[in-house]
Amino acid sequence: MARKNPFMNVMNDEAPEESTAILNYTTKGASKALIHSLDEMAAQADRFLEGEAVAELDPDIIDASFVRDRLEDDEADFEELLSAIKDRGQDSPILVRPHPAASGRYMVVFGHRRLRVAKALGRKVRAAVKDLKDSDHVVAQGQENTARANLSFIEKAMFASEISRRQFDGDNAIVLSALSIDRATLSKMLAVSAIPKEILDAVGAAKGIGRDRWYDLKNSLERPSTLKDAKAFIETDEFKEKAGDDRFNALVAHVKTIGRTVRQRGQQTQKWVSEDKSVSAEMKSGGKTYTVAIKAKDAAGFGDYIAESLGELYRAYQSRKDQGE
């Protein structure tokens, strides 16, 4: 079944010369070539498995990827996968590489959930073993997950941030290829990933929350006092009792309440009514601003009179200040 591509405008710079795997498994040709469907992304990830011998490995000698791409596992999806593999066996192999720092061990490139199922069932896991460099590893992992793993925006953003932080190249070509995104999308992802990790981990994957809402939250948390309050809120039972998108929505609602409270604290309101009740005014003081709103049958005429008298009123005010009144 064809998959809908969440990134319709995909830009992919030409891959670095030193990485033959990237040249083989990313789109070739002119810079900024477009990848039109998730099926094509899936096919690119599949080609990492082509021609590789499949072995049955003990799950206990396989470690997780060095780049995290999930905030949490969907337990319903996991149970469905576990049931399917228990009944039919493991249809497709996972991809692993010899562990770069531990002899005799392996590291998952993609297929973390299938590995977890094998551990739960006490079975060996079918795996293709391919010797990959770190840069090739993240391209394969990113393309597989973009095509099949249904990662949320924030999970992709954190994955992009981790790849970018490792500085595989100077212009982020690796992360653009791994996630099949353009530079504008990457910029938003990196900005959002700057939200403190404790908040991102507390909110979780938030599958239904897209880029714009995360970006709005990021902007709201730039005020230090708001960020401090948000960190306190994620420790409350009110927040922790929620799950999924509800956690994100609860945090946003709380942050908005903080904003309203800050504005109210900084704003003072006074009211005045004339003796004959024909004119009323409301005065609002907000730091460096002072607003007067007049309500009257002839509000415009009275307002014009006040405007014409401002010079005289200001001189009277200065005189009273000078006299210390």
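Select His137 first; this residue lies in helix α5, which spans residues 134-149. The model on screen is a predicted one. Is His137 buried or exposed? Its relative accessibility is 0%, and buried means under 20%, so His137 counts as buried.

Now show what surrounds this residue. Setting aside neighbours within four places in sequence, His137 is in contact with Ser65, Phe66, Arg97, Met107, Val108, Val109 and Leu132.

**The sheet**

Next, select the strands β1, β5, β3, β4 and β2. In that order they form an open sheet of 5 strands, with mixed pairing. Which strands stand at the edges? They are β1 (54-57) and β2 (62-63); each has a single partner strand, so one side of each is left without a neighbour in the sheet. As a general point, strands of a sheet pair through backbone hydrogen bonds, either parallel or antiparallel.

Select residues 94-98 and 106-110 for one such pair. These are strands β3 and β4, and they pair in the antiparallel sense over 4 bridges. Within this region, look at Pro98, which stands opposite Tyr106 in β4.

Then add residues 112-121, which make up helix α4. This helix packs on the sheet and touches β2, β3, β4 and β5 (125-129). Compare the directions of the helix and of β4: the angle between them is about 125 degrees.

**Two loop residues**

Go to Ser180, in the loop between α7 (173-179) and α8 (183-192). Its phi is near 55 degrees, a positive value in a residue other than glycine. With a relative accessible area of 3%, Ser180 is buried.

Now move to Lys277, in the loop between β6 (268-273) and β7 (279-286). Here too phi is positive in a residue other than glycine, with a value near 65 degrees. Is Lys277 buried or exposed? The cut-off for exposed is over 50%, and Lys277 has a relative accessible area of 66%, so this residue is exposed.

**The whole protein**

Finally, clear the selection and show everything. How many helices and strands are there in the protein? There are 15 helices and 8 strands. Of the 325 residues, 41% are buried. Among contacts with a separation of 6 or more, 67% are between residues 24 or more positions apart. Turn on the surface to finish: the protein exposes about 18600 Å², and carbon and sulfur atoms supply 48% of that area.

Definitions and conventions:
Residues are numbered from 1 along each chain as its sequence is written. This is a predicted model: local features need pLDDT of at least 70, side-chain atom pairs count only at pLDDT 80 or more; totals for chains, interfaces and linings use all residues. Side-chain values use heavy atoms; hydrogens and water are left out. Buried means under 20% relative accessible area, exposed over 50%, partly exposed in between (1.4 Å probe, protein chains only). Contact means heavy atoms within 4.5 Å. Accessible areas come from the Shrake-Rupley method with a 1.4 Å probe; for residues, only the protein chains shown count as cover. Two strands pair if DSSP finds at least two bridges between them. Axes are lines fitted to C-alpha atoms, for helices over the stretch in contact, and angles run from 0 to 180 degrees between N-to-C directions.
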